[in-house]
Amino acid sequence: MDQPRAAARLRILLGQLGRRSAGAVIAHPTSGAVPPAGFHPQQFQYTRDNSVLTLEQRQFYEDNGFLVIKKLVSDADIECFRNEFERICRKEVEPMRLVVMRDVTIAKSEYVPSQKMITKVQDFQEDEELFRYCTLPEVLKYVECFTGPNIMAMHTMLINKPPDSGKKTSCHPLHQDLHYFPFRPSNNIVCAWTAMEHIDRNNGCLAVLPGTHKSSLKPHHYPQWEEGVNGIFHGIEDDDENNDQVHLVVEKGDTVFFHPLLIHGSGRNKTQGFRKGVWELQA
C-alpha cells in the first residue's frame, strides 16, 4: 500500500474511533448468552453467588436474615465435640486462652470440675478437637455462600445452657452479635450455630426476629432482671415483649446460619438437662 492510500486509510480509522454516535459498537461478553434488552438481574445483598444454596434458600436468607440447614453435622462429630467439652469440664485438658463461664447463680464455693458448673466455653481455637468444627467442609461450603472465600473464624463458643433455677438466668436476652465485635462490613460476616441435641422451647431454643438484619446496630445494655444477668449477656435496650419472635426447633446436627445484625436470643431451659450447641462467627 502506497503512502497516500495508507494515510487516507488511517484518517478513516481515526474518524471512526472518534465518533460518539448513538450507533456506536457495544462490546458484549462472550462467556454466555447476551441478556435481552431491559433485563435486570436480581440483586442479592446478603449472599454471594454460589452453587450451594437454592434460589429459594438464598431469597429466604435475604428476606429473613437466617437459614436452617437440616442434619448438616454428623452424629459422630457431635459426640466427639461433646466428649471433648466434658474433658475440659473435668480439667483433663486445659487449652490455652480458653474462657470458661459459669452461671451467675452458682456460688464460687460450689465450683467443682463438672459440666454442671460450666455454662459456656469460648475462644477454643487452641483446642484441636473443638476447633475442628470450624474446619468441617460441610459447614464451610455454606459459610462461603455468605462471606466469600478466604474464611476466618473470629470467635468460637460451645454453649451448655443449664436448667433454669427459676431466676431466669438461663435466658439470653435479645441481642445482635455485631454488638460484641469491632470488624466490618457486617454483610461479609455470618454466624454458624449447630444443635448438639434436640432443642425446642422447653430447653431454650433460639428465638429470632426475622428481617431485623436489615436494620442498624442498636444500643445494648444489661437487662434489669431481678436476680441478675450472666456476664456479657447484653440485650437491646428497646426490647418489646410483644415482638414477633420465631422459635427455631431443631434436631441434633441441624445448623443455623444467621446475619450478625439479626436480633435473636434464647429462652429459659425448663428441663433438668443441659442444652448444648456449638457456635462460631466467620468472616
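Which residue in β13 stands opposite Ile-159? The close-ups below, taken from a predicted model, get to that one straight away.

**View 1. Strand β4 and its partner β13.** Here's the answer: Ile-159 faces Gly-277 across the β4 and β13 pairing. These two strands, β4 (residues 153-161) and β13 (residues 275-282), run antiparallel and are joined by eight bridges. β4 is mostly covered, with seven of its nine residues buried.

**View 2. β4 meets β3.** Strand β3 (residues 120-122) also pairs with β4, again in the antiparallel sense, this time over three bridges. Look for Gln-122, which has Met-157 of β4 opposite.

**View 3. The largest nonpolar core.** This core holds 32 residues, and those touching the most other members are Val-121, Phe-124, Tyr-133, Val-139, Phe-146, Leu-158 and Phe-257. Two or more residues each come from β1 (66-69), α3 (75-89), α5 (137-147) and β6 (190-195). There's also a second, separate core of 21 residues, and Ile-159 turns up there, along with Phe-66, Leu-178 and Cys-205 among others.

**View 4. Around Phe-146.** Leaving aside residues up to four places away in sequence, Phe-146 has contacts that include Tyr-46, Leu-53, Leu-67, Asn-187 and Val-190. Tyr-61 and Phe-257 are on that contact list too, and both share an aromatic cluster with Phe-146 and Tyr-142. The model has seven aromatic pairs by count.

**View 5. A charge over a ring.** Zoom in on Phe-44 to find the charged end of Arg-58 sitting over its ring, 3.9 Å from the ring centre.

Methods
Residues are numbered from 1 along each chain as its sequence is written. This is a predicted model: local features need pLDDT of at least 70, side-chain atom pairs count only at pLDDT 80 or more; totals for chains, interfaces and linings use all residues. Side-chain values use heavy atoms; hydrogens and water are left out. Buried means under 20% relative accessible area, exposed over 50%, partly exposed in between (1.4 Å probe, protein chains only). Helices (H or I, at least four residues) and strands (E, at least two) are DSSP runs, numbered from the N terminus. Two strands pair if DSSP finds at least two bridges between them. Rings of Phe, Tyr and Trp (its six-membered ring) pair if their centres lie within 6.5 Å; planes under 30 degrees apart count as stacked, over 60 as edge-to-face and the rest as tilted. A charge sits over a ring if NZ of Lys or CZ of Arg is within 6 Å of the ring centre and within 35 degrees of the ring normal. A nonpolar core is a set of buried Ala, Val, Leu, Ile, Met, Phe, Trp, Tyr and Cys residues joined through side-chain atoms within 4.5 Å. Contact means heavy atoms within 4.5 Å.
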